[in-house]
Every structure is written in structure tokens, then in C-alpha cells.
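Subject: Structure handover

Hi,

Here is the structure I promised to pass on. Have a look at it first, and my notes on what turned up follow underneath.

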Amino acid sequence: MSPREWVEKDFYATLGVGSKASADEIKKAYRKLARELHPDAHPGDAKAEQRFKEVSEAYSVLSDPDKRKEYDETRALFSSGAHAGGRGFSGFGGGASAGARDFGVRDFSDLFEGGSSTSFSDIFGGAFRDGRSARGGASRPGSRARRGKDLETETTLGFREAARGVTIPLRITSQVTCDSCRGSGARKGSVPRKCSLCDGSGLVTRQEGSFGFTEPCSHCRGAGQIIDDPCPDCQGTGLTTRSRTITMRVPPGVHDGQRIRLAEQGEPGIRGGGPGDLYVTVHVEPDAVFTRDGDDLRLTVPMRFTELALGSTVTVPTLDGKVGVRVPAGTADGRTLRVRGKGVAKRGGGAGDLLVTLQVCVPVKLDEAALESLRKYAASEEASGFDPRANWAGSR
């Protein structure tokens with residue numbers, strides 16, 4: 001992104017947040033807009049696609065603490081008296097104070113014209129250095145490889161998919177290396193040439209008294225190379241925006257809200273730099289039967305009173321099918337039985353357990369035969385001396 005873009009674009013306004021917004025507020029605003037504007041939701045809508053790109057661009061800067069700091073400082077610098085497009089770039093504070101020495105800060109407005117992809121830090125990061133470091137060799141922002149941006153997206157999984165692990169296709173829209181120029185920025189059949197003025201360094205150095213002042217080369221705008229015939233498909237940037245589908249392997253046991261890193265699936269690097277990474281936030285839908293407790297799974301099984309009193313074997317579901325669970329005679333309502341190894345797979349191997357809670361269900365309506373049998377049972381139970389409220393609440 002060119003320095004001019006950093007100055008002229010209000011990324012906070014693009015996301016609809018204030019300049020003091022927290023990282024969580026920025027992420028929340030981005031997710032809302034990304035869902036509303038995603039190309040899949042507006043097929044063929046060029047305006048929505050362009051807005052989606054702008055929102056993604058803004059988030060890529062504001063979500064990175066270092067980039068956000070640089071962006072804020074850049075805007076503060078120019079709003080305090082420096083102007084990207086006009087004359088009279090007078091200094092780093094809206095004009096030099098009386099008696100302050102002028103180190104020869106020049107008007108860099110010509111550097112902001114055109115499609116330079118040099119960042120603000122590339123241009124000003126090495127502007128002031130003492131004479132020895134300047135003579136000892138300037139940094140080479142034009143020829144320095146730069147890693148691609150990291151990307152973020154989201155996906156939603158069913159509870160059982162998340163517990164078992166699944167492989168899913170993931171469609172993302174981002175900048176990729178231009179196929180026509182293979183990222184060089186030059187039209188197919190041509191190549192960029194090294195800038196003769198700065199010898200490809202992107203910087204020129206001059207001596208002023210005991211200080212060496214290094215500034216971006218005005219001929220190549222700090223890039224270190226000249227593109228005489230820009231690629232028509234990417235306008236010389238070496239990047240284009242395209243949707244692509246990648247295959248993502250979600251490991252077993254992923255939690256709701258977990259962030260998974262896909263190495264080198266982000267935006268391509270610049271001048272030979274490596275690609276960024278893709279971070280995928282996974283949302284897990286609730287399940288009608290299971291709940292999760294760490295690596296254990298929990299479920300509640302409705303039971304007849306007679307099954308608990310007489311003992312029984314009840315069939316319960318697991319992630320892999322069904323198993324029989326033996327209920328001992330005289331089991332109390334609400335007791336939890338443990339089935340080992342039938343929970344969620346653990347990272348280090350093995351799996352958690354399945355915790356089965358037994359819950360008595362009382363029939364709402366019985367026929368006369370069942371009622372008569374139940375009355376006889378109640379009388380027999382009372383005659384046997386069983387009192388469920390014995391010693392309860394102070395009763396004697």
C-alpha cells in the first residue's frame with residue numbers, strides 16, 4: 001500500500017468504529033461487515049465486492065498492532081502539518097520552532113503519485129541516520145523481501161464434526177499473485193529494470209555537515225526498480241484479488257471459538273517474501289444430545305423407575321455408534337455412570353469419557369391396570385418400612 005493511501009484512507013470509518021476502538025470492537029465490526037458483504041452473499045454485485053475488499057484491507061491494518069501503530073502515527077504526522085499531495089512538507093510537527101536546525105526535510109509529494117507499493121516505514125524508516133551509518137550503507141527497502149499479510153476468516157461446524165474432526169473446503173477472497181506477470185508487476189514478456197539513480201537500493205544519500213541524510217529515491221519512488229511497461233491485469237502491483245478454495249483439516253476436539261492457523265495460506269509476499277498465514281476461527285453449533293466438559297462428553301438418559309430399582313442395561317449413543325450401559329439394581333435418580341474412552345479425542349492420544357446421567361421420568365397418565373398395580377406396590381413398599389423422607393428436614 002502506498003503512503004498516500006495510508007494518509008487518505010480512513011480505515012476506522014471503513015469499519016464504522018472510532019480511532020480509540022479496542023481490538024475486540026474492531027474484530028466485531030469486521031466480522032459483521034464481512035458476513036454482510038461477502039461475495040458469496042452478493043454474486044455479481046461489483047459494489048459489494050469492492051466494499052468487501054475495502055473492509056478486508058482496513059481490518060488487515062487495524063487488526064495488527066504494529067501496522068495500526070504505524071498507520072496512526074502516519075496520519076498524525078500529516079494532520080499536524082505535513083501534506084501528502086501538496087507543497088510545503090515542512091517538518092515533523094507542523095513547522096520547525098525558532099532556533100531548531102533544519103535537517104533538509106524535503107517535499108515528498110512526488111513520491112505519493114503513482115502505484116508504488118512501498119510502505120510508509122520503508123520510506124521514512126531510514127530517513128535520519130548519522131553520517132557514519134549513511135556512508136556505511138543504506139538499508140534497501142526497494143529490494144527487501146516482504147512477507148505477505150495474514151488473513152482471517154470464520155467457519156461453522158456441527159458439534160459432532162468438531163468432536164470427531166473433519167476436512168472441509170474453505171472459500172476465501174483475498175489478494176493473490178498476479179498470474180499474468182507472476183508478481184513482477186511488469187507486462188508479460190518484460191521485466192523491471194534496476195533504477196540507475198539509486199543502483200537498486202531505493203535510497204539516495206547526501207551529506208549535510210556532520211550528518212548524512214538518506215531519503216527515498218525520487219526516480220523509482222523508493223522501489224529500487226522501474227517498471228516501464230506495467231502489467232495491465234494488476235496495474236503494476238503484482239497482485240490481484242481472487243476467490244479460491246482451499247482444503248482445511250480440522251483436528252478432532254476443536255472448541256467453539258478456537259483459532260486455527262493455516263501456514264502460508266495468507267496473501268503472497270512482495271519481492272520474494274514468503275506468504276502470510278490464514279487464521280480460521282471455528283464456531284461450533286450445539287448438539288441436541290451431547291454437551292461437552294473438556295474432553296468428556298455428557299448426556300442425560302430418561303429412565304423408568306423400575307429400570308433403576310430392578311437394574312437394567314440401557315443403550316446410549318456415542319460419537320461412533322451405540323453402546324450398552326449396565327445400570328445396577330437400586331441406582332438412585334441423577335446418578336452419573338462413566339463409559340471410558342467414548343469422549344472427545346485428546347491431542348496427546350486417547351480420548352475422554354462419556355458421562356451418562358440417569359433421570360427418572362414419571363408417567364403422566366396410566367391405565368386402570370397399571371394404577372392398580374402401582375397402588376399394590378405402594379402398599380407393599382410402605383409395609384416393608386421404606387420411608388424416603390426418614391431423617392429428612394428434621395422429621396423423626
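Helix H4 has a good share of its side chains tucked away: Ala48, Phe52, Val55, Ala58, Tyr59, Ser60, Val61 and Leu62 are buried. Before I go on, please keep in mind that this is a predicted model. H4 covers residues 46–62, which makes 17 residues, and the distance from its first C-alpha to its last is 24 Å, close to the 24 Å expected at 1.5 Å a residue. The N-terminal end of H4 is capped by Asp45, which places a side-chain oxygen 3.1 Å from the backbone nitrogen of Lys47.

H4 also takes part in a salt bridge. Glu57 pairs with Lys9 there, with 2.8 Å from N to O. Lys9 sits in the loop between helix H1 (3–8) and helix H2 (11–15) while Glu57 is in helix H4, so the contact ties together parts that are 48 residues apart in sequence. As for exposure, Lys9 is partly exposed because its relative accessible area, 29%, falls between the 20% and 50% cut-offs.

The other helix I checked for length is H10, residues 368–383. Its 16 residues should span 22 Å at 1.5 Å a residue, and the end C-alpha atoms are 23 Å apart, which agrees. After H10 comes Gly385, with a positive phi near 95°.

Now the sheets.

One of them is an open, three-stranded sheet with mixed pairing, in the order E2-E10-E9. Strand E2 (151–157) and strand E9 (259–262) are the edge strands, each pairing on one side only. On average, neighbouring strands of this sheet are turned by 30° against each other, direction ignored. Between E2 and strand E10 (residues 278–284) the pairing is parallel and runs over seven bridges. Two of the facing positions, if you want to find the register: Thr153 is opposite Val280 in E10, and Leu157 is opposite Val284 in E10.

How buried is E2, given that it is an edge strand? Five of its seven residues are buried, so E2 is largely enclosed by the rest of the structure.

E2 carries two salt bridges you may want to look at. In one, Glu152 meets Arg259, and the closest N and O atoms are 2.7 Å apart. That pair links distant parts of the chain, with Glu152 in strand E2 and Arg259 in strand E9, 107 residues apart. Glu152 has a relative accessible area of 19%, and because buried means under 20%, it counts as buried. Arg259, at 42% relative accessibility, is partly exposed.

In the other, Glu154 meets Arg35, with 3.4 Å between the closest N and O atoms. This one also joins distant parts of the chain: Glu154 belongs to strand E2 and Arg35 to helix H3 (residues 23–37), 119 residues apart. Glu154 is partly exposed at 24% relative accessibility, whereas Arg35 is exposed with a relative accessible area of 53%.

Across the whole model the count comes to 20 salt bridges. Arg147, Asp150, Arg261 and Asp277 are joined in a network of them.

There is also an open sheet of four strands, again with mixed pairing, in the order E11-E12-E16-E15. Here the edge strands are strand E11 (291–293) and strand E15 (336–339), each of which pairs on one side only. From one strand to the next the twist averages 35°. E11 and strand E12 (residues 296–303) run antiparallel and pair over three bridges. Arg292 has Leu297 in E12 as its bridge partner.

Last topic: the aromatics. Which kind of pair do Phe11 and Tyr71 make, out of the four aromatic pairs counted? Their ring centres are 4.8 Å apart and the planes stand at 35°, so the pair is tilted. Phe11 is in helix H2 and Tyr71 in helix H5 (residues 65–79), so far along the chain that they are 60 residues apart. Both Phe11 and Tyr71 are buried. Together with Tyr12, Phe11 and Tyr71 form one aromatic cluster.

Cheers

Technical notes
Residues numbered from 1 in each chain as written. Predicted model: local features only at pLDDT ≥ 70, side-chain atom pairs only at ≥ 80, totals over all residues. Heavy atoms only, no water. Expected span 1.5 Å × (residues − 1). Pairing = 2+ DSSP bridges. Axes fitted to C-alpha atoms, helices over the stretch in contact; angles between N-to-C directions. Buried < 20%, exposed > 50% of the residue type's maximum accessible area, 1.4 Å probe, protein only. Polar contact = N/O pair within 3.5 Å; in protein donor to acceptor, adjacent residues only side chain to side chain. Salt bridge = Lys/Arg side-chain N within 4 Å of Asp/Glu carboxyl O. Phe/Tyr/Trp six-rings, centres within 6.5 Å; stacked < 30°, edge-to-face > 60°.
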